[in-house]
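Work through the exercises below with the sequence and the model at hand. Each task is followed by its solution.

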Amino acid sequence: MQEFHKVRRLPPYVFEQVNRLKATARADGRDIIDLGMGNPDLPTPQSIVDKLCETVRDPRTHRYSSSKGIPGLRRAQANYYARRFGVKLNPDTQVIATLGSKEGFANMAQAITAPGDVVLCPDPTYPIHAFGFIMSGGVIRSMPVAPDDGFLPALERAVRHSIPKPLAVILNYPSNPTAYVASIDFYKDVVAFARKHDIIVLSDLAYAEIYFGDNPPPSVLQVDGAMDVCVEFTSMSKTFSMPGWRIGFAVGNERLVSALGRVKSYLDYGAFTPIQVAATTALNSDGSEIREVREVYCKRRDTLVDSFSQAGFPVPAPEATMFAWAPIPEQFKQLGSLEFSKLLIEKADVAVAPGIGFGEHGDDHVRIALVENEHRIRQAARNIRRFLASASRNLHNVVSINARR
């Protein structure tokens, strides 16, 4: 039987090849240090867990919830935006709770995309940014990911040469996987361009609170006029170490938020009410839990950069996110990121994410997640140092490894 139409539009899932190798190695009793998947290992703060346990004992919370989020949660998110960004939001019309930012992006694509619509998407980027629209019948035109002087000229070329005119442009800063951070001046230029050409701006701000300097990443909604064209997606997964809880938000332009809400009303009843209540408690907290999470990732980042560089695998220090975007060592560049990632599992017992999984322009990098403690990160560096030290005399093994596949 032929594959279904939408399934045919999706390429093989690159990360699954790495996952299979990890599973095989672990089944053989090997200790794989997993720096691949961005799955936070830190526990959810106890105050949030306690509120969940308290609320779940009330049987009234066991019924269907609201697909757009309970009122208290939406108010808490609006208050967070007011405190953090100085942005005023109407919690009834400009805030909607999602089952994580990934679900929000996918359902926004369903809500606004007609077959053949052109969407401008950075490359490399988090896969749902592109494939949410591909599954909805859209067409992706790749954009540069760096928020620099080359971005606006690329936007201008896209408008001139895309037929039909682009529907939307996707922003993701701090960026997954590259860790780029955008400035408020960059956002001003993009918003002005989008308003002039009637283009929707979809901003993924999932890593707003994971930054390592004195300058917190801004929101595109801080720009005057952004509310006319923009919706921004955030997540509690990394900020509060709540990845499995599946709570995120879409905020901004009323028309776009309403469209997302209408689609969601047909698809789900929202997250379990006790989870929403606990998330409300998190958002209304004093922010100390966020600072503690940030400090942990900062120490891990410094350990990673120092130990990997000493091992012969230089890693640029990311300004934000829980990831480092590392160029493949020169002697392995011709292999590409997928084969290099396989080698690290087979020869160094270290798993990373191949850059090709984030787009064709990511194939000369790998993404390294800060999801192991400092001791394990140093162990990964020692393993890699041993592998690199022997690679020059054993590089012929790479050919036979690939040939088996």
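Ala 353 stands opposite Arg 367 in strand 12. The model is predicted: local features need pLDDT of at least 70, side-chain atom pairs count only at pLDDT 80 or more, and totals for chains, interfaces and linings use all residues. Residues are numbered from 1 along each chain as its sequence is written, and side-chain values use heavy atoms, with hydrogens and water left out.

**Exercise 1.** Determine the strand order of the open sheet of 3 strands, and state which strands stand at the edges.

Step 1. Strands are DSSP runs of E with at least two residues, numbered from the N terminus, and helices are runs of H or I with at least four. Two strands pair if DSSP finds at least two bridges between them.

Step 2. Strand 11 and strand 12 (residues 365–369) are antiparallel partners over 2 bridges.

Step 3. The order is 9-12-11, with antiparallel pairing. Strand 9 (323–327) and strand 11 (353–354) each have a single partner strand, so one side of each lacks a neighbour in the sheet.

**Exercise 2.** Compare the expected span of helix 12 (residues 337–348) with the distance between its end C-alpha atoms, then assess its burial.

Step 1. The expected span is 1.5 Å times one less than the number of residues. For the 12 residues of helix 12 this gives 16 Å; the end C-alpha atoms are 15 Å apart, which agrees.

Step 2. Buried means under 20% relative accessible area, exposed over 50%, and partly exposed in between (1.4 Å probe, protein chains only). In helix 12, 10 of the 12 residues are buried, among them Leu 338, Phe 340 and Lys 342.

Step 3. Just after helix 12, Asp 349 has a positive phi of about 55°.
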